[in-house]
Amino acid sequence: MDYIFCKNIKQKEPDFGYSLYPERGSSKFKQGSIGESLFTFKHKCLIMLQVATDTSPYAKLLLGAMKSSGCAVHKDRHFSCEDCDGTVSGGFDAATSQIVLCQNNIHQQAHMNRVVTHELIHAFDHCRARVDWFSSFRHLACSEIRAANLSGDCSFVNEISRFNFGLKEHHQACVRGRALRSILAVRKVSREEAELVVDEVFDSCFHDHAPFGRIPHSKKDAKFAYRDYENRDRYYANL
């Protein structure tokens with residue numbers, strides 16, 4: 001799972017999921033040291049991150065959209081490979097505008113691509129809108145719905161690999177379920193409360209496909225979306 005979290009400076013509770021990312025507060029090795037490179041998964045994580053940002057049409061589109069919105073992403077500044085709790089793959093730290101990639105839990109390139117995409121959607125929402133991550137359940141739920149919907153988390157291939165089968169509105173059910181689990185992981189609310197908030201915002205947030213312009217159900221869909229995004233200025237110039 002991938003979460004939006006932030007350290008609460010004034011209070012110890014709630015921690016908004018911060019405890020899932022222990023390296024946010026400290027590290028055994030000085031950042032960039034030889035020890036860090038040799039004794040952690042960081043080197044592999046950084047290589048997979050580079051491949052994701054260079055080759056994934058999902059990531060490339062989101063990076064371009066953020067740059068156009070005035071929020072250019074720099075890998076050294078806005079991504080951090082860290083050891084995390086075993087239940088998470090990544091997170092978006094709204095306090096630092098930084099994406100955490102859980103180097104001890106991401107072992108395949110396809111997984112890295114999905115995590116980078118998921119967290120970049122949160123970063124895009126953080127950039128384009130005044131999102132109140134920590135006081136508004138609706139804002140949080142909306143971004144989680146969008147991330148599950150647009151990142152490929154609920155693609156047919158991924159659902160088959162989880163042994164989740166269904167035909168009618170299966171994609172919507174997957175998006176709803178993953179958004180709900182993410183909210184429950186970082187907010188101390190009942191399942192009923194979380195379900196109510198997800199239901200309230202689901203339709204509008206599920207149909208918000210920015211910046212893809214469509215739901216990219218597959219890598220092929222994402223390539224078409226990226227092509228359309230790259231050609232958008234050419235289209236308007238010809239009007």
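The protein chain holds 11 helices and four strands; helices (H or I, at least four residues) and strands (E, at least two) are DSSP runs, numbered from the N terminus. This is a predicted model, in which local features need pLDDT of at least 70 and side-chain atom pairs count only at pLDDT 80 or more, while totals for chains, interfaces and linings use all residues. Residues are numbered from 1 along each chain as its sequence is written, and side-chain values use heavy atoms, with hydrogens and water left out.

**Exercise 1. The chain as a whole**

Find what percentage of the 239 residues count as buried, and what area the chain exposes.

Solution.
- Step 1: Start with the cut-offs: buried means under 20% relative accessible area, exposed over 50%, and partly exposed in between (1.4 Å probe, protein chains only).
- Step 2: By that rule, 46% of the 239 residues of the protein chain are buried.
- Step 3: Now turn to the surface, where the chain exposes about 12800 Å², an area from the Shrake-Rupley method with a 1.4 Å probe; for residues, only the protein chains shown count as cover.
- Step 4: Carbon and sulfur atoms supply 54% of the exposed area.
- Step 5: For contacts (heavy atoms within 4.5 Å), take those between residues at least 6 apart in sequence: 63% of them join residues at least 24 apart.

**Exercise 2. Following the disulfides**

Work out how many disulfides the structure holds, and which parts of the chain Cys45 and Cys81 link.

Solution.
- Step 1: Count pairs of cysteine sulfur atoms within 2.5 Å, as that is the rule for a disulfide. There are five disulfides.
- Step 2: Take Cys45 and Cys81, whose sulfurs are 2.0 Å apart. Cys45 sits in helix H2 (residues 42-55) and Cys81 in strand S2 (residues 79-82), so this pair links distant parts of the chain, 36 residues apart.
- Step 3: Check the handedness: the torsion about their S-S bond is about -80 degrees, so this disulfide is left-handed.
- Step 4: Check the surroundings: Cys45 is buried at 2% relative accessibility, and Cys81 is buried at 4%.
- Step 5: Move on to Cys84 and Cys102, with sulfur atoms 2.2 Å apart. Cys84 lies in the loop between S2 and strand S3 (90-93) and Cys102 in strand S4 (residues 98-102), so the pair ties together parts that are 18 residues apart in sequence.
- Step 6: This link is left-handed too, with -90 degrees about the S-S bond. Cys84 is buried at 8% relative accessibility, and Cys102 at 0%.
- Step 7: To see the whole pattern, number the bonded cysteines in sequence order; the pairing reads 1-3, 2-6, 4-5, 7-10, 8-9.

**Exercise 3. Looking at helix H9**

Where is the kink in helix H9 centred, and which helix does a disulfide of H9 reach?

Solution.
- Step 1: Find helix H9 at residues 191-206; its kink of about 40 degrees is centred on Glu200. The bend at a residue is the angle between axes fitted to the seven residues ending there and the seven starting there.
- Step 2: List buried residues of H9: among them are Ala194, Val197, Val198, Val201 and Cys205.
- Step 3: Keep a general rule in mind: an α-helix has 3.6 residues a turn, so residues three or four places apart point the same way.
- Step 4: Ask what covers the buried residues of H9: the cover includes helix H6 (137-150) and helix H8 (170-186).
- Step 5: A disulfide joins Cys142 to Cys205, S to S 2.1 Å. Cys142 lies in helix H6 and Cys205 in helix H9, so parts 63 residues apart in sequence are tied together.

**Exercise 4. Finding the cores**

Which helix gives the most residues to the largest nonpolar core?

Solution.
- Step 1: Recall that a nonpolar core is a set of buried Ala, Val, Leu, Ile, Met, Phe, Trp, Tyr and Cys residues joined through side-chain atoms within 4.5 Å.
- Step 2: The largest such core has 53 residues, and those with the most contacts inside it are Leu101, Met112, Val116, Leu120, Ile145 and Phe212.
- Step 3: Helix H5 (residues 109-128) gives the most to this core, with eight residues.
- Step 4: A second, separate core of six residues includes Leu20, Tyr21, Cys84 and Cys102.
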